Amino acid sequence: HAAGAGAAKSGIVAGEKHFESELEINDFPQQARWKVTHKDSLSQICEFTGAAITTRGQYYAPGKPVPPGERKLYLLIEGPTERCVQNGKQKLKETIEAEVNRQALPGGFTVGKYKV
């Protein structure tokens, strides 16, 4: 059992594969960042792709230096297969792109039920 315990510590359980990828979202507009970190959006993407998505890092305003040892806001995408992780990342990118494009439409920036 000692070998099994060592394998579990490294994050890989015997016979199981684990894949992960990252997508930095710090520099996208606030509404797009919110869309891909909101529980409802994430649960839909996770359910659709089978990937687990975790928000990591911290938001830093443009031009603000990132302290040593810290990271800009990003999403960690994890899953049992490489395809699952790729699909999750692709869905996140599509969601961000759709939100950025929606905001770029004339007269089209809304927050909740109010038009700004």
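**Fold, core and helix packing of the predicted model**

The accessible surface of the protein chain comes to about 8,100 Å². Carbon and sulfur atoms account for 54% of this surface. The model is a predicted one. The protein chain has 116 residues, and buried residues make up 26% of them.

The protein chain contains 4 helices and 5 strands. Read from the N terminus, the order of elements is α-β-α-α-β-β-α-β-β. Contacts were also sorted by sequence separation. Of those with a separation of 6 or more, 63% join residues 24 or more positions apart.

The largest nonpolar core comprises 15 residues. Ile 25, Ile 53, Ile 77 and Leu 92 have the most contacts inside this core. At least two core residues come from each of α2 (30-37), α3 (39-49), β3 (74-79) and α4 (82-104). Helix α4 gives the most, with 4 residues. The surroundings of Ile 25 were examined beyond four places in sequence. There, Ile 25 touches Arg 33, Val 36 and Thr 37. Ile 25 also touches Leu 73, Tyr 74, Leu 75 and Ile 96.

Helix α4 packs against α3 and against α2. For α3 and α4, the packing angle is about 145° and the axes lie 9 Å apart. Their crossing is right-handed. On the α3 side, the contact is made by Leu 42, Ile 45, Phe 48 and Thr 49. On the α4 side, Cys 84, Asn 87, Gly 88, Lys 91, Leu 92 and Thr 95 take part. Leu 92 of this contact is also among the core residues with the most contacts inside the core.

For α2 and α4, the angle is about 145° and the axes are 9 Å apart. This crossing is right-handed. Helix α2 contributes Gln 31, Ala 32, Lys 35 and Val 36 to the contact. Helix α4 contributes Leu 92, Thr 95, Ile 96, Glu 99, Val 100, Arg 102 and Gln 103. Leu 92 and Thr 95 are thus listed in the contact with α3 and in the contact with α2. Two residues named in these contacts, Val 36 and Ile 96, also touch Ile 25.

Individual positions on α4 were then considered. Glu 99 lies in this helix. Its relative accessible area is 6%, so Glu 99 is buried. Beyond four places in sequence, Glu 99 touches Gln 31, Ala 32 and Lys 35. These three residues belong to α2 and form part of the α2 and α4 contact. Asn 87 is also placed in α4. With a relative accessibility of 33%, Asn 87 counts as partly exposed. Asn 87 and Cys 46 are 41 residues apart in sequence. In space, their C-alpha atoms are 9.8 Å apart.

The cysteines were checked for bonding. A search of the whole structure finds 0 disulfides. The cysteine sulfur closest to that of Cys 46 belongs to Cys 84. Because the distance between the two sulfurs is 8.9 Å, they are too far apart for a bond; the cut-off is 2.5 Å. Cys 84 is likewise in no disulfide, and its nearest cysteine sulfur is that of Cys 46. Cys 84 counts as buried because its relative accessibility is 8%; the limit for buried is under 20%. Cys 84 is also one of the α4 residues in the contact with α3.

Note on methods. Residues numbered from 1 in each chain as written. Predicted model: local features only at pLDDT ≥ 70, side-chain atom pairs only at ≥ 80, totals over all residues. Heavy atoms only, no water. Buried < 20%, exposed > 50% of the residue type's maximum accessible area, 1.4 Å probe, protein only. Contact = heavy atoms within 4.5 Å. Areas by Shrake-Rupley, 256 points an atom, 1.4 Å probe, with all protein chains shown as cover. Core = buried A, V, L, I, M, F, W, Y, C linked by side-chain atoms within 4.5 Å. Axes fitted to C-alpha atoms, helices over the stretch in contact; angles between N-to-C directions. Left-handed = near helix turned anticlockwise from the far one by under 90°.
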